[in-house]
Amino acid sequence: MAADSDDGAVSALAASDGGVSKCSKSEKELVVQVPVVDVQSDNFKKIWPSLLLAIKTASFVAVDTELSGLGDRKSLLNQCIEERYKAVCQAARTRSVLSLGLACFKQQPDKSEHSYLAQVFNLTLLCVEEYVIEPKSVQFLVQHGFNFNRQYAHGIPYHKGNDKGDESQSQSVRTLFLELIRARRPLVLHNGLIDLVFLYQNFYAHLPESLGTFTADLCEMFPAGIYDTKYAVEFHARFVASYLEYAFRKCERENGKQQAAGSPHLTLEFCSYPSSMRAHIDYRCCTSPATHRPHPTSVCDNFSAYGWCPLGTQCPRSHNIDLIIDADEAAVEDKRRRRRRREKRRRALLSLSGTQTSGEAEDGPPVKQVCEDGLKVEEIEQEVAENDTANQPGCEEDHKNDLEKGVKAARPGGTDMATPEVPGSQASPNSVPGDGLHRAGFDAFMTGYVMAYVKVSRGPQPCRSGPWLPECHNKVYLSGKAVPLTVAKSQFSRSSKAHSQKMKLTWDSS
């Protein structure tokens with residue numbers, strides 16, 4: 001919440017140590033603490049001024065959504081991107097957004113070039129129109145602590161599609177989305193095509209029929225650019241896995257290494273809230289990488305690669321992200337050693353004939369193989385797309401994870417923070433936290449953290465007047481594709497009528 005909000009909610013800023021503020025869970029264990037402001041219908045008006053100020057003063061805003069379902073899974077992996085877009089549109093018209101996460105990152109150049117104030121909000125929503133909610137989505141959300149009683153009792157009401165009269169001055173979620181557009185800040189998402197489509201249909205206007213018109217509208221709505229962290233970490237940071245929790249923990253660890261080496265690194269500050277606000281704050285904690293305790297079991301290959309496992313918490317192998325990253329780093333180092341040895345032998349053999357050789361080229365993102373039977377990753381993706389949903393009645397894939405596992409669905413497992421393991425517990429290495437009420441808000445924070453770290457790792461930008469992060473500007477990840485969706489307005493596409501009317505209203509009423 002902003003420091004000068006009218007209710008005086010923020011009394012001070014808590015400086016971070018090593019990139020994140022820390023609280024003590026026990027004498028021996030430090031945990032990362034991120035405050036998430038819970039926004040519902042009973043406190044929406046009270047927090048409204050702080051929401052607006054956080055958005056207007058942010059350097060960029062990260063967004064995440066919880067959805068009531070996505071419909072036909074196979075259509076979401078259609079090789080024709082136009083058909084894939086139509087499938088997502090159909091889902092957005094018939095399903096709803098259950099909660100919306102916003103993470104506003106404000107750069108603080110007076111402290112350091114890579115210092116940010118992070119303010120995180122989780123809005124619980126309730127669509128007032130009829131919508132489809134899928135049983136598997138309900139099952140997963142309940143298992144992870146989502147309180148549907150609270151949503152139906154205190155969800156912020158909203159309607160979908162076009163405006164119903166002049167709504168530009170009201171205090172509503174639709175007006176909040178207009179304020180996000182008016183702020184002209186970079187918009188950051190993770191695997192964001194579905195989020196963008198749902199945001200448009202639920203809070204802006206009826207979706208255009210063609211993908212070209214949709215991207216043309218987005219260009220005008222977000223002139224500062226749209227950034228997808230999944231694209232950034234897979235094609236530029238070159239992580240071997242790119243689901244959100246993996247990317248976040250990996251960035252945390254790499255940032256810690258850069259700080260220890262005295263190199264440029266990301267630092268964050270969070271607002272310190274008075275006791276009167278504690279009822280509205282959820283402090284999300286997880287074990288810091290430095291205090292990670294290895295689990296005796298081996299890691300789960302499925303979860304390691306995709307951030308999702310059909311066995312869920314019953315899987316006998318570990319889903320601990322730090323263990324997975326440790327294993328990946330060890331494998332990379334082993335691969336480097338073997339490559340150096342091969343290169344040394346090759347050069348020794350070829351030096352007699354004067355032939356020169358060079359190292360192996362890598363022209364694509366790293367790929368983590370999880371099978372031993374020779375299947376290509378694309379074949380694995382297709383098999384899972386066809387079989388997994390039918391064979392696992394209690395599970396769907398996290399819609400922030402890859403559609404490599406067949407769908408971008410409404411939230412099953414994998415993007416929440418790794419929870420500290422309870423000493424002596426033998427039930428499962430993959431316990432699920434009961435307090436899962438702020439997944440959208442915290443996922444938005446993780447998304448923003450990843451993008452902020454990627455910006456640090458790319459080094460100084462040569463042109464301050466250009467795009468915020470040029471190599472990732474207006475590129476949205478497409479699962480199963482070697483190239484992203486470019487958000488651009490071509491000479492063959494025009495903006496939609498509903499969008500043009502909305503933009504006129506947006507600026508006339510600002």
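**Entry 1: ground rules**

I call a residue buried when its relative accessible area is under 20%, exposed when over 50%, and partly exposed in between, using a 1.4 Å probe and protein chains only. With that in hand, I looked up R184, which is partly exposed with a relative accessible area of 44%.

Before going on, I noted that this is a predicted model, in which local features need pLDDT of at least 70 and side-chain atom pairs count only at pLDDT 80 or more, while totals for chains, interfaces and linings use all residues. I also noted that residues are numbered from 1 along each chain as its sequence is written, and that side-chain values use heavy atoms, with hydrogens and water left out.

My helices (H or I, at least four residues) and strands (E, at least two) are DSSP runs, numbered from the N terminus.

**Entry 2: two positive phi angles**

I stayed with R184 and placed it in the loop between α5 (173-183) and β8. R184 is not a glycine, yet its phi is positive, at about 55 degrees.

Then I went to N474, another residue that is not a glycine, and read a positive phi near 55 degrees. N474 sits in the loop between α13 (439-457) and β12 (475-476). Is N474 buried or exposed? At 10% relative accessibility, N474 counts as buried.

**Entry 3: strand β4 and its neighbours**

Next I followed strand β4, which covers residues 60-67. How many of its eight residues are buried? I found that eight of the eight are, so the strand counts as mostly covered under the 20% cut-off.

I then checked which way the side chains face. In a regular strand the side chains alternate between the two faces of the sheet. In β4, F60, A62, D64 and E66 point one way, V61, V63, T65 and L67 point the other way, and all of them are buried.

For strand partners I used the rule that two strands pair if DSSP finds at least two bridges between them. Strand β5 (residues 97-107) runs antiparallel to β4 and is joined to it by eight bridges. Within β5, S99 is the bridge partner of E66. Strand β8 (residues 187-189) runs parallel to β4, with two bridges joining them. Here I saw V61 standing opposite L187 of β8.

**Entry 4: who touches T124 and E209**

For touching residues I counted contacts, meaning heavy atoms within 4.5 Å.

T124 lies in strand β6 (residues 115-127). T124 is buried, with a relative accessible area of 7%. Leaving out residues up to four places away in sequence, T124 touches D38, V39, Q40, L98, S99, Q151, H154, G155 and I156. I had already met S99 as the β5 partner of E66.

E209 made a nice change of scene, in the loop between α6 (193-203) and α7 (211-221). At 62% relative accessibility, E209 counts as exposed. Which residues does E209 touch, not counting those up to four places away in sequence? I listed E82, Y85, K86 and R93. I looked up the spacing to Y85 too: E209 and Y85 are 124 residues apart in sequence, and their C-alpha atoms are 9.1 Å apart in space.

**Entry 5: salt bridges**

My rule for a salt bridge was a side-chain nitrogen of Lys or Arg within 4 Å of a carboxyl oxygen of Asp or Glu. Searching the whole structure gave 15 of them.

I began with R150 and D38, whose closest N and O atoms are 3.8 Å apart. R150 lies in helix α4 (residues 148-154) and D38 in strand β3 (residues 30-39), so this pair ties together parts that are 112 residues apart in sequence. R150 is partly exposed at 31% relative accessible area, whereas D38 is buried at 9%. D38 is also one of the residues that T124 touches.

My next pair was R182 and E179, with a distance of 2.8 Å from N to O. R182 and E179 are three residues apart in helix α5, about one helical turn. R182 is buried, with a relative accessible area of 12%, and E179 is buried at 12%.

Then came R249 and E252, at 2.9 Å from N to O. Both lie in helix α9 (residues 244-260), three residues apart, or about one turn of the helix. R249 is buried at 0% relative accessible area, and E252 is buried at 8%. I closed with a network: R73, R95 and E134 are joined into one by salt bridges that share partners.
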